[in-house]
Structure formats: C-alpha cells, structure tokens
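Here is a short report for a first-year student. Look over the sequence and the model, then read on.

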Amino acid sequence: MKRFITGVFSCAAMSLMIGLYVPVANAKVVKVTLTAMESDVVIDNRGTKYPAWTYDGMIPGKLVRATVGDQIDVTLINPKTNKKSHSIDFHAAEVDMLNEFGSVRPGHNRHFVFKAGRAGVYMYHCASNPLAEHIARGMFGVIIIDPKRFSKAYPKPDREYVLVQSQFFPDADNIVDMVENRGWTHALINGKPFNFDPIHDGNSTRALMSKPGERVRIFFVNANINMPVSFHPVAGIWDRVYVNGNPDNVLKNVQTYGVPVAGASTFDLVSPAGRSTNNALIDHTMSAEMRGASTLLINVPGADPGMGKGDKILIR
C-alpha cells in the first residue's frame, strides 16, 4: 500500500513538472439568476439618468465566473411589469439559439444549463429584436471561464479588473440611428464615460490601482454595437494578450490590440518595479477616447490591497 501511494504522488508530481494537468477538484454547478429590468439608471459621473434596459438594474450586468468543466445553470426572469420581451445569449455557450436563447415574454421565465467548455472571457447580452436597441440600452455583461490551473504561459495575476466598453445613444428609441451609428455621444466604461478617469472628468472620483511591479490582468469586453476597439496602455506595453481570453492564444509585448464588436480579450500589464507610475487604458480610436473610453491605472506602493480582488474586480 505504501509503495502504491508513493507511486501515485510521484506520478502526479511528474505530471505537474512536465506541464500536464492533474485534476484537483470536481466540476461544480454555477447558478445564475438574471432579472430583466426596464428602469432608469445613472449613466454618467454627474448623476444623469437614462431609460435603460438591463440585467438586475446594472450596466454591465453581474459578473459570471466559472471554471472549465463547470455547469452554468441559468434562470432569466422577465417580470410582468416589463413591456418588452427579453432574452440572454451567452457567447460562452454551445447550445440551440432557438431554444436557450429564445425571447421571454413579460411575466415568464426561461431556465437552461450549459457546460463551460472553453476557457476565455465572453460577452453575454439580450438577443431579442431589435438587437441593436437591447444591447445599446444596457443589456449586456461578462462571463469569465477560467482554465483549470495557472501555468507559465498563463501566470496567476496580482490583481484583476473587468472593463466593458459600450456606446451611448441618448435618443433611446431611435433604432435607425443606432444601426447607422449616428447620434452616439459617449463611450461608456462599465456604464459611464470616464468612469475611472478623474483627469478627464472632474466628477470622477475613482481609478484602478496596483502596486509597482504587479501583474494586472484586464478582462476587456467590447459591447459596442458598431465600433471595434483599439485597446492601448498609455505609458506601458501589454506584457501578454490572450485572444478571446484563452491561455492557448497568447501574444507577447503588444502595444495596441484590436477587439472586435461583441468580442473580448485578456490583457496583462506589468508596471515598472521600484517607482510609482500611472497608465491610461484607452481606446486609441480618438472618437471613442475623447468621449469617455479612458481608464486611469495608478501604480503606487500604498495601493488599496483590496482593489482588483474579490468583489472589487468589476467596479461600476
């Protein structure tokens, strides 16, 4: 028996040394309940309200996070007080669009389960018609499917943040302008222009934070309805870019990387050790950057130790 146990642990250790995955936990069920809401939300740092359509009254919706192999158990609630049908399309799901992603009338619910099969960062959104209006008015969010383990190619970060960029159309009912890309006035980051950039917006009071030399991982989703994003760290270089957030799709030493509409990628930034620095994480498309697509990352020794961890990953 002793020889058998020793052999098992030796095989496990050898597998880890050569990069093979040794299972350490069973798959779990991740329960997700989302409620479609047609209500006003605050859309900028001044407190302006907008007649949004959202999941749970938030832009973006709640962060969903699972590990490869998990089962995602989804319930979408469309209260009878709503006027519109709504739905949910998880880009991480491989299912039947006419079934799981079908529209839900007011007063009804939809329940379905899918397997988290591929690691990455994905958008989810309402898929009911008119699609452009449902997304533009705020019905989108993020699901992260983590790999089963970290690796040399995909190291554990010191901090993580989720950023979602979207276009703001103040004329909420003008679907034609949305489709033709006319009339949008701001680029929103997690629901507000210059949400984390007090340099460009005096009403902004927050910024992302890390300590010098830390690896900061940005899960970035492009929820624009029309415009790709050129994601760039001012005064920095992306140490690694994981296309679609998948550890197998790694690029190194990248200045700017394009994220298509309804796409997402994961970006690692490592600030210089030994000195305080600042970065602006921007969409280098100037029509977007100057309208709100800029986020300040402050790298200082006294950075809040809780920022970028736990429930401070997706900040609104």
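A residue counts as buried when its relative accessible area is under 20%. By that rule, 49% of the 316 residues of this protein are buried. Keep in mind that the model is predicted.

**Overall form**

The protein has four helices and 19 strands. Its C-alpha trace spans about 70 × 50 × 30 Å along the principal axes. What radius of gyration would a compact globule of 316 residues have? The value would be near 20 Å, and the protein has 21 Å, which agrees. Contacts tell us about the chain's path. Among those between residues at least 6 apart in sequence, 70% join residues at least 24 apart.

**Two sheets**

One open sheet has four strands in the order β2-β1-β4-β6, with mixed pairing. Strands β2 (49-55) and β6 (108-115) are its edges. Each has a single partner strand, so one side of each lacks a neighbour in the sheet. From one strand to the next, the twist averages 20°.

Another open sheet of four strands runs β3-β8-β7-β5, again with mixed pairing. Here the edges are β3 (64-67) and β5 (89-90). Each of these pairs with a single strand, so one side of each has no neighbour in the sheet.

The table lists strand pairs from these sheets.

| Strand pair | Sense | Bridges |
|---|---|---|
| β4 and β6 | antiparallel | eight bridges |
| β3 and β8 | parallel | four bridges |
| β5 and β7 | antiparallel | two bridges |
| β7 and β8 | antiparallel | six bridges |

Single residues show how these strands line up. Isoleucine 77 has asparagine 109 in β6 as its bridge partner. Alanine 66 stands opposite isoleucine 145 in β8. Aspartate 89 faces histidine 125 in β7, and valine 121 stands opposite isoleucine 144 in β8.

**An enclosed strand**

How many residues of strand β7 are buried? Six of the six are, so β7 (residues 120-125) is largely enclosed by the rest of the structure. Both of its faces are covered. On one side, Gly120, Tyr122 and Tyr124 are buried. On the other side, Val121, Met123 and His125 are buried.

**Nonpolar cores**

The largest nonpolar core holds 54 residues. Which of them touch the most other members? They are Leu163, Leu208, Ile218 and Phe231. A second, separate core has 26 residues, including Ala36, Ile88, Met139 and Ile143.

Take a closer look at leucine 163. Leaving aside residues within four places in sequence, its contacts include Ile189, Phe196, Leu208, Ile218 and Phe231. Asn190 and Thr295 are also among the contacts of leucine 163.

**A buried asparagine**

Asparagine 299 lies in strand β19 (residues 294-299). Is this residue buried or exposed? Asparagine 299 has a relative accessible area of 1%. The limit for buried is under 20%, so asparagine 299 is buried.

Its side chain has polar partners. One polar contact, of 2.5 Å, is with the side chain of serine 210. Another, of 3.0 Å, joins asparagine 299 to the side chain of asparagine 279. Not counting residues up to four places away in sequence, asparagine 299 touches Ser210, Pro212, Ser271, Arg275, Ser276, Thr277, Asn278 and Asn279. Serine 210 and asparagine 279, the polar partners, are on that list.

Conventions:
Residues are numbered from 1 along each chain as its sequence is written. This is a predicted model: local features need pLDDT of at least 70, side-chain atom pairs count only at pLDDT 80 or more; totals for chains, interfaces and linings use all residues. Side-chain values use heavy atoms; hydrogens and water are left out. Buried means under 20% relative accessible area, exposed over 50%, partly exposed in between (1.4 Å probe, protein chains only). A polar contact is a pair of N or O atoms within 3.5 Å; within protein, one must be able to donate a hydrogen and the other to accept it, and residues adjacent in sequence count only if both atoms are side-chain atoms. Contact means heavy atoms within 4.5 Å. A nonpolar core is a set of buried Ala, Val, Leu, Ile, Met, Phe, Trp, Tyr and Cys residues joined through side-chain atoms within 4.5 Å. Two strands pair if DSSP finds at least two bridges between them. Axes are lines fitted to C-alpha atoms, for helices over the stretch in contact, and angles run from 0 to 180 degrees between N-to-C directions. The radius of gyration is taken over C-alpha atoms; the globule rule is 2.2 Å times the number of residues to the power 0.38.
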